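Here are my notes from going through the model, as numbered points. Have the structure open while you read.

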Amino acid sequence: EAKNTEITMLTRSLALSAALAATAVSADLLTIPIRKVPDNVHHANLLSSHTPPRLTVMRSASAVATTGRKLIRGGTDHEENVVLHDLQNAQYYGTVSIGSPPQEFEMVFDTGSSDLWVPGPSCASNSDNCSSKSAYVKTASSSFSEVAAGSMSNFSIRYGSGDVSGKFGLDTVTVAEDCTVEGQTFALVDSTDGLGDVYENAAFDGILGLAFQALSQDPQANTFIANLQDQDGVDRAMFAFYLGDESDGELAIGGYNEDRMQNPNEINWVPLAMPAYWLIAMDQVKFGDTVITTGQTGGIMDTGTSLIYGPEDQVMSMIDAIPGAELIPQLQLYLIPCETDLPDLEFQIGGQPYNIPGDQLKIRDDTGMYCFFSVAIMQFATSSEFDTMGEVLEEKVMNEMKNLTGKSGSSPIPIELQHDTWLMGDVFLRRQYCIFDYENEQFGMAELKEDFKE
């Protein structure tokens, strides 16, 4: 019954999606405006079947060994902007073209994974949930090539209910009309059973990962961002997100869009704790006047997750301060009285405070009678643990984070941050302009202009 409700809610949300309409705003910028899914639909879908993400701290040694690679600066001063679709306030996607002539796909731009995959021609016959998706046909592309002999050829990611699998290939990949990479490694997926029924109703075809090479299924293959700079497609291996709430969102590639920023000279740059996830060390977490944690606390900046998740003891210290808060086991979210005035939640990062007002930490169901706390408990797994996860769209990124668990090796999370890391979703990221500096392994935040604030 919960599964049917989830599908129904997704169908309602997708019915409100708008068609893409490309609009060039300057010689170097391209925007593709699309409509935001309303908050009431998002909340209804989220509350229909929520399972907290589970972060696995073990990864393969061969993957982590590649993280020391440095990028070489290209020779062009070029920046591309892609406006993003806001799906349930949790998923942002836009158009990506693959092949010659180009075959178009709706792709999730995902800071929580590193692989690029699209359905192949056999996906629809192998998986019922793939039947309505755009499929890449390699025989229709003159620029396609098979992977080199001896290279990894099989692709597989484990999601909550099963695997997504296929074969690697190489082809030309283009975003924002003319940001092009030749010979990009990507996966032609022939089975999407692991995405469940949600994928059938979702508006995206595949995923373009924007995390580091260490998380890739094939750690010897460059990511799209790395290749884009190596081939002089952009001057800087950098991208930035404006995650629109009541307006369109935008992904800038090759730099950042100063027009979104209150003061482009005031960017708070924070070094990554390790170049795998977009993981930084936060200085402090406060809930109202209560200091939840101080010192080195991890924060993964994740455009693919709507809520905020924290370690159990730290979240529970917040819950204890909310009168009447009650865990709903089916959702693993805390029901709170709607009339409760919640304290503000503050994260201190790079010496600066970033505040989320208490009234934005509340999720109201579609009846308007029940409210839930938008901070939930992060579950940490060892390398041998796999749990079934219900909602793919909410848990997609964290499922991909654990796709190589069960293999021996090192962790993409420093030991001092293991079991002490927060997952910072859209509730946090939408409040500032977020810059992901791949080349210099740092994350930056800038104040949004008043016109773009919530």
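1. Where is P353 found? P353 sits in strand β22; strands here are DSSP runs of E of at least two residues, helices are runs of H or I of at least four, and both are numbered from the N terminus. The proline is exposed, as its relative accessible area is 52%. For that label the cut-offs are under 20% relative accessible area for buried, over 50% for exposed, and partly exposed in between, with a 1.4 Å probe and protein chains only. Leaving out residues up to four places away in sequence, P353 touches E346, F347 and Q348, where contact means heavy atoms within 4.5 Å. The C-alpha atoms of P353 and D283 are 9.4 Å apart, although 70 residues separate the two along the chain.

2. A word on what you are looking at: this is a predicted model, in which local features need pLDDT of at least 70 and side-chain atom pairs count only at pLDDT 80 or more, while totals for chains, interfaces and linings use all residues. Residues are numbered from 1 along each chain as its sequence is written, and side-chain values use heavy atoms, with hydrogens and water left out.

3. Now the whole chain. The protein chain has nine helices and 29 strands, and of its 454 residues 61% are buried. Take the contacts with a separation of 6 or more: 74% of them join residues 24 or more positions apart.

4. Back to β22, this time for the largest pocket, which holds about 370 Å³ of space. A pocket is an open set of points on a 1 Å grid over the protein atoms alone, with protein on both sides within 12 Å along at least five of seven lines, and lining residues have an atom within 4 Å of a point. Volumes are the space filled by probe spheres set on the points, which are joined across faces, edges and corners. The lining has 16 residues, with Y354, R431, Q432, E447 and L448 nearest the centre. β22 (352-356) and β29 (442-446) each supply at least two of the lining residues, and β22 gives the most, with four. By type, the lining of the largest pocket splits into five nonpolar, six polar and five charged residues; Ala, Val, Leu, Ile, Met, Phe, Trp, Tyr, Cys and Pro count as nonpolar, Asp, Glu, Lys and Arg as charged, and the others, Gly among them, as polar.

5. There is enclosed space too. The search of the whole structure turns up two cavities of 30 Å³ or more, a cavity being a set of grid points where a 1.4 Å probe fits but cannot get out. The second largest has a volume of about 80 Å³, and its lining includes S114, D115, F168 and N222. Strand β11 (residues 179-191) provides the largest share of that lining, three residues.

6. Why is β6 (residues 103-110) largely enclosed by the rest of the structure? Seven of its eight residues are buried, so the strand is mostly shut in. β6 pairs in the parallel sense with β12 (residues 206-209) over four bridges, and V108 stands opposite I207. Two strands pair if DSSP finds at least two bridges between them.

7. Last, an open sheet: four strands in the order β19-β20-β24-β23, with antiparallel pairing. β19 (326-328) and β23 (362-364) are the edge strands, each pairing on one side only. β19 and β20 (residues 333-336) share three bridges, and E326 stands opposite L335.
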